[in-house]
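Q: Can we go through this one together? I'd like to start with the overall fold and then pick out one residue.

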Amino acid sequence: MNIPRFSSLREHARRHISTLIGMRSGQEKGPETHNTDALITALGIFLEQAPSMDMLCDPDSAFARHLRETIANATLTDSEILPLLEDILILIREKNLRAPALHNCQSEIQLINTVESGTVWSPTDNTAFTMHYFYDLPLHIAKSIMEQIPVRR
């Protein structure tokens, strides 16, 4: 199976940013507006970082598969905003764990701080997102690094 690269999804991301900006103008301030604003920011980061994500992120993870399926849709529903945001946050986290020397832009730092501050998501939430973001992904990457270290016998 030929898995599309994240870079090939950038036009879809551009289209969704435009649509979300239009949606946001019709929303009253509330949690939905926050998620919409955060997704607009995350999609902008995705546009810039997709080539790095192609090299550093697992294209076959559940979050990556969901991102490809959702972002390729012609439109986003309100119920898809938070899950798509979480998909991109996982890719950002994976990129940062695999290549910490890459400098994050200010909006990326703000998104990461939003997740890690515990106000929206908490490591104790036990959702698929929080378990993967805070535990499974860092452990998986640490194990993959450890497997690359030669063992002296």
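**Fold first, then one residue**

A: Sure. This is a predicted model. From the N terminus on, its elements run α-α-α-α-α-α.

Q: How many helices and how many strands is that?
A: Six helices and zero strands.

Q: How compact is the protein for 153 residues?
A: As compact as a globular protein of that length, because its radius of gyration is 16 Å and the globule rule gives 15 Å.

Q: What box do the C-alpha atoms fill?
A: Roughly 65 × 35 × 25 Å, taken along the principal axes.

Q: And what share of the residues is buried?
A: Of the 153 residues, 39% count as buried.

Q: What about the surface? How much area does the protein expose?
A: About 8800 Å². Carbon and sulfur atoms supply 55% of that area.

Q: Switching to charges: how many positive and negative ones are there?
A: There are 14 positive and 19 negative charges. Their mean positions lie 9 Å apart.

Q: Now one residue. Where is H66?
A: H66 sits in helix α3, which covers residues 62-71.

Q: Is it buried, exposed or partly exposed?
A: H66 is partly exposed, because its relative accessibility is 29%. Buried would need under 20%, and exposed over 50%.

Q: Which residues does H66 touch, leaving out those up to four places away in sequence?
A: P83, L84 and D87.

Q: How far is H66 from I145?
A: In sequence, 79 residues. In space, 26 Å from C-alpha to C-alpha.

Q: Back to the whole protein. Of contacts between residues at least 6 apart in sequence, what share joins residues at least 24 apart?
A: That share is 69%.

Definitions and conventions. Residues are numbered from 1 along each chain as its sequence is written. This is a predicted model: local features need pLDDT of at least 70, side-chain atom pairs count only at pLDDT 80 or more; totals for chains, interfaces and linings use all residues. Side-chain values use heavy atoms; hydrogens and water are left out. Helices (H or I, at least four residues) and strands (E, at least two) are DSSP runs, numbered from the N terminus. Buried means under 20% relative accessible area, exposed over 50%, partly exposed in between (1.4 Å probe, protein chains only). Contact means heavy atoms within 4.5 Å. The radius of gyration is taken over C-alpha atoms; the globule rule is 2.2 Å times the number of residues to the power 0.38. Accessible areas come from the Shrake-Rupley method with a 1.4 Å probe; for residues, only the protein chains shown count as cover. Lys and Arg count as positive and Asp and Glu as negative; His and the chain ends are not counted. The place of a charge is taken as NZ of Lys, CZ of Arg, CG of Asp or CD of Glu.
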